[in-house]
Amino acid sequence: MPPDNPATYSENYNELVAKEKLGYMLDYAKTSTVATIVAPLLCIPLYSDNTPELLFKSWLVLMAIVVLVRLQLIRVIKASSDINHKFTLLNIAVGSVTFVWGLGWFIFVIAKDPISYLLYQIICLTILFVGMVGYCVNWKTFCAFIVPLKGLEIIFLVMNYQHIIWPISVGSMVAFYLALKMGFLFSKSWERSFSLRLKNDTLYEELVVEKNASIAANIAKSEFIATASHDLRQPMQAINIFIEMIDHRQLKEYESSVFHRIRKSVSVLNKMFNTLLDISKLDSNLKPIETQFSLALMANDLRHSFADLCQEKGLGLAFTFEDVLIQGDPHLTEQILRNLLSNAIQYTDRGSIQVNFENDQGHLNFSVQDTGCGIPPTDMSLIFNEFYRSDHSRSHHDGLGLGLSIVIRIVKKIGGECAVASEVDKGSKFTIKTPFLVLKSLESPSTALSLSAKPFTNWVDASIRNAANKVSKSSLHVGIIENDDSLRDAYLQYFTTAGYQVCEIPHQEDKFNAYLQDIPKLNFILSDFRLGEKDGIFYIQQLREEFNDEIPACIVTADTSPQHLEMFKQHNIHVLHKPIDIQDIEEFILQQTFSSH
Ligand code: ADP
């Protein structure tokens, strides 16, 4: 980076400045070539009559020679590699032309004739200002340009001092002095502005490098999270299913209490996996999907989900809301609330949690307030960072430090705002402003059920479950493609026991093709993603083609990479992530088959 003070130029910086100056002056010298040719020609009508012919022609010839030399030198400068040599050549090129102009004082000017003197004075001043524009970026080149012109003028003045009109000569010398001074100052200020430009360029380059590095780091982080959690999800899924299959009522007291502890720990692990999954989803091109939903049903469902946790800790839980319809993304809203609520419960030992929904000039705002340990002022700016966990509250809970970063990323995605107010040992309040519209009051919750279009949330599940109960499970053919033996057995056992018609579909291509001959019409396909040579998408597409029907399908996978999420979406295949409760899978199947009935 160039130094602040040009006096402390580094070697590298000096070279950059020299190159930039040379480039500028060479460009100028090239574009002013025409002027160096035309200007002497203009002297023909001015001086040819009053100047001895031989002298005049000799001056013209000399001028032609120096113009040609100048042209040649400019070419040589380009080819030369030594920067100092280049400057010397340029100084000779510009100085030789002005030297011939300087000789003009002795050839064209009649000292006793003020008009002749004035006329050449004007020509010289014009040359001086033209040179100033082009060469004063470099002090020495400007001197090489101006000194031959003005130096010869001084000699002329000294030789003809008794005839000269002194006020004009003094004015000319003052102009000469000012030109030198301006040239010097301009050269310095040019160097300063160049130094600033270099600094800007360097800063900009550093910014670009840092930005690219942070993008790369973010991608690497997503890939790491996806890969690291992938291998763990697979066995977790089997554990989840087998835990669900244990009938704890048959267990003795001690085994039953151990079983409940295992279940609780597994549920904490599931939550952690789901948090990682939320991050992966936010890294993919997740966009808010707006629909109409009932605020009352969402609030009641949240109250229902968190009531037990609050009761266990002896905390109060209160919701205030109106029974209104919201136009917005219910899933993202719920995700924010779930994260804020579980934090509020985790970081509160006594008192209560208050959730408020408000209509703020037609837009939905909500807040989650607790009476917990609070957040120290020094942590306020850090808590939304990924993986940040405050020491102040570390003893309360073993989290990943991702909850609030998920909240803030969703809030940004929906175009909302998030504010937090907190006092240590008194409590915290997180307030979210959303752009979601509050539509109208509802007459009855059932209206909301029919208006809620989003699948697979508990607050719409009531209607789905009712309808699904009417559809006999024994009439539903569920195709299962899974290469993990224990998982496949668990699925088959669970769904057969639950009364479905289950088809075990082979995942080897030859066996699959043979199986296609006598397969019944499927109502739903449940598949793993990685199945060996071919993946779940391939088999689902084959089955859809066979029946010429867009059969609802779902891939249950441990893979959370944003690219794969996008691919499932493109093929209209739902995705559920391992680990997931088998009841949730069943509920999803019912919802999907019901909505396609
Ligand atoms: P985690 O809860 O897993 O540690 P979060 O991203 O949800 O991660 O929260 C980051 C940090 O913010 C927490 O470690 C905690 O220190 C602080 N925090 C979040 N919510 C609250 C709250 N309601 N009360 C006190 N501290 C909180």
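**Exercise 1. How do the residues of the shell around the ligand divide into nonpolar, polar and charged?**

Before we start: this is a predicted model, in which local features need pLDDT of at least 70, side-chain atom pairs count only at pLDDT 80 or more, and totals for chains, interfaces and linings use all residues. Residues are numbered from 1 along each chain as its sequence is written, and side-chain values use heavy atoms, with hydrogens and water left out.

Step 1. Sort by type: Ala, Val, Leu, Ile, Met, Phe, Trp, Tyr, Cys and Pro count as nonpolar, Asp, Glu, Lys and Arg as charged, and the others, Gly among them, as polar.

Step 2. The shell then holds ten nonpolar, nine polar and two charged residues.

**Exercise 2. Find the polar contacts of the ligand.**

Step 1. Look for pairs of N or O atoms within 3.5 Å.

Step 2. In the side chain of Y347, an N or O atom is 2.7 Å from an oxygen atom of the ligand.

Step 3. Turn to the backbone: a polar atom of L404 lies 2.8 Å from a ligand oxygen, and an N or O atom of S390 lies 3.4 Å from one.

**Exercise 3. Describe how α4 packs with α6.**

Step 1. Locate the helices (DSSP runs of H or I, at least four residues, numbered from the N terminus): α4 spans residues 83-108 and α6 spans residues 139-159.

Step 2. Using axes fitted to C-alpha atoms over the stretch in contact, with angles from 0 to 180 degrees between N-to-C directions, the two come within 7 Å and cross at roughly 20°.

Step 3. Therefore α4 is roughly parallel to α6, a label for angles under 35 degrees.

Note on methods: A polar contact is a pair of N or O atoms within 3.5 Å; within protein, one must be able to donate a hydrogen and the other to accept it, and residues adjacent in sequence count only if both atoms are side-chain atoms. Angles under 35 degrees count as roughly parallel, over 145 as roughly antiparallel, 65 to 115 as roughly perpendicular and the rest as oblique.
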